[in-house]
Amino acid sequence: MSSSTNTNGDFQSSKWTKEGINGLIDNDRGTLDPRIYVDKDLYELELKNIFGRSWNFLAHETQIPNPGDFFQNYIGEDAVLVVRQADGSVSGFLNMCRHRGMKICRTDCGNAKTFTCSYHGWSYDRAGNLINVPMKKEAYRNEIKLEDWGPPKLEKVESYKGLIFGTWDPNAPSLTSYLGPMTFYLDHYLDRSGEGTRALGGVHKWVIPSNWKMAAEQFCDDMYHVDYSHASAMIAQLPEGADPSMASFPKDGNQFGCAEGHACSFWSSPFSNAGSGPAAMEFIMGPEREEALQRLGKVRVAEIAGMNSTVFPNFSLLGAGAFTIRTWHPKGPDETEIWSMIIVNASAPDGVVQALRKNIIRTFSPSGTFEQDDTENWAEMQRVFRGTKAQSTSLNSGMGLGHARQDERFPGTINFGYAEEGARLFYRRWKEMLTAPTWRDMSATLKEVS
Ligand code: FES
Ligand SMILES: [Fe+2]
């Protein structure tokens, strides 16, 4: 019995037609239909056609360095166990026992030789193969074929500079093809040092009452909210006696989007680490910046001093030198479980790492000041969209419409910092992945799967 998953896009069983879905987002007029945040059928399609086919973030390499190290994550609502193998490769499989469906492993992370289900004791090896069932002779009369009853395995697992991704889809393009021009921007986070990056211990997890796309979309490109939603938090973090007008977001930014649906906005002042204190800033503006300049060049270090971004569909990064990564796990159309971790440059001294870590937790974490502002907005919007009148009233997504440009310094489609280009391209890809039967039917990554 094959463990592979049928990953062809399918919306035949849905109430939605392709035309209906295409009508939800109108990038020519700059409008967006609020039903994308509340409709249960759309949500089911997202789980199947988007999360079931995309490359999804699984873990940072440094979280599972040794054979047998494992980390549990989710793809859509499916629990996935990610395990380092003896040969150094990484495997992933559905964390569901094929007997009655209990989780095979109930621990978040650790090291194991085998995984034994806590219900009746079926055992699986590190690659997810069923290797033992209790009382095989007495209960199953030796008639069960163990090789038929392993959980579905991820078809592909690949890394990009420390970040491990996986997909259920055997026909998905390579990870680098899927990321497309986003790799240029990811290097800003991941390739600043010859020593790479490392994940600091622990994952913050918490639940917010809003749709996962509100967060993913904001991290694409929303610099517009910062001076309003975060005004009081920014003023509170100013040094004593400073002019409150200093608490203003840089106005020099740009934003990037691409057909693959990834997006980011970036600015040229080292704004995001300013609250880390003088020692951390000395490192960031000194040796860290020097090495990054050597490796990445002036554009990606001076023009991109800070950045927020989303890798389609639900993986976001924010910061510079030290940064937060977060996965916006969907838990129904009106609930998201946020998983956030801190990643630092592996060459950063311990004292600097601690200062950066505290600054990130102070701003972006369950107790983070900026995080509270953001999630308050999203939760209130979700409540607004319960109304039937609200659901039939379109929203404006037209900022910067008609001003997209090419810029030889930056790959992809570029717009001014205050625009919604990234979100428009994110939603264009969202429509495409919901409705395209195969990768060949999508506008990007076509050549890689021909
Ligand atoms: S559910 Fe896992 S052994 Fe029964
Ligand atoms: Fe924000």
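These legends describe several views of one predicted protein model.

Residues are numbered from 1 along each chain as its sequence is written, and chains are lettered from A and ligands numbered from 1 in the order in which they are written. In this predicted model, local features need pLDDT of at least 70, side-chain atom pairs count only at pLDDT 80 or more, and totals for chains, interfaces and linings use all residues, while side-chain values use heavy atoms, with hydrogens and water left out.

**View 1. The whole protein chain holds 14 helices and 23 strands.**
Helices (H or I, at least four residues) and strands (E, at least two) are DSSP runs, numbered from the N terminus. The radius of gyration is 22 Å, close to the 22 Å that the globule rule gives for 450 residues, so the chain is as compact as a globular protein of that length. That radius is taken over C-alpha atoms, and the globule rule is 2.2 Å times the number of residues to the power 0.38. Along the principal axes, the C-alpha atoms fill a box of roughly 80 × 55 × 40 Å. Of the 450 residues, 56% are buried. Buried means under 20% relative accessible area, exposed over 50%, and partly exposed in between (1.4 Å probe, protein chains only). The accessible surface comes to about 18,900 Å², and 50% of it belongs to carbon and sulfur atoms. Accessible areas come from the Shrake-Rupley method with a 1.4 Å probe; for residues, only the protein chains shown count as cover. Among contacts with a separation of 6 or more, 65% are between residues 24 or more positions apart. Contact means heavy atoms within 4.5 Å.

**View 2. His 225, His 230 and Asp 374 coordinate the iron ion (ligand 2).**
The donor atoms are NE2 of His 225, NE2 of His 230 and two OD atoms of Asp 374, at 2.1 to 2.5 Å. Donors are N, O and S atoms within 2.8 Å of the metal (3.2 Å for Na, K and Ca); water is not among the atoms, so sites may look incomplete. Why is the arrangement around the iron ion called irregular? The 4 donor atoms subtend angles of 55 to 141 degrees, which makes it so. Four donors count as tetrahedral if all angles lie between 85 and 135 degrees; four count as square planar and six as octahedral if opposite donors are over 155 degrees apart and all others between 65 and 115; anything else is irregular. Along the chain, the donors follow the spacing H-x4-H-x143-D. His 230 lies in the loop between α7 (226-229) and α8 (231-236), and Asp 374 in helix α12 (residues 369-384), so the pair ties together parts that are 144 residues apart in sequence. His 230 is buried at 4% relative accessibility. Asp 374 is buried too, at 1%.

**View 3. Strands β1, β2 and β21 form an open antiparallel sheet.**
The order is β1-β2-β21. At the edges are β1 (25-26) and β21 (395-396), each pairing on one side only. Two strands pair if DSSP finds at least two bridges between them. Strand β2 (residues 31-32) pairs with β21 over 2 bridges. Leu 32 stands opposite Leu 395 in β21.

**View 4. Strand β23 pairs with both β15 and β22.**
Strand β15 (residues 254-257) joins β23 (residues 410-416) through 4 bridges, and the two run antiparallel. Gln 255 has Asn 415 as its bridge partner in β23. Strand β22 (residues 405-407) also runs antiparallel to β23, with 2 bridges. Here Arg 405 is partnered by Ile 414. Which strands does a hairpin of 2 residues join? The hairpin joins β22 to β23.

**View 5. Some backbone geometry stands out in three loops.**
Most residues other than glycine have a negative phi, and most peptide bonds are trans. A cis peptide bond joins Phe 312 and Pro 313, with omega about 5 degrees. Pro 313 sits in the loop between β17 (306-311) and β18 (315-320). Met 135 is not a glycine, yet its phi is positive, about 55 degrees. Met 135 lies in the loop between β10 (130-132) and α3 (136-140). Is Met 135 buried or exposed? Met 135 counts as exposed, at 55% relative accessibility. Lys 161 also has a positive phi, near 45 degrees. Its loop runs between β11 (156-160) and β12 (163-167). Lys 161 is partly exposed, with a relative accessible area of 35%.
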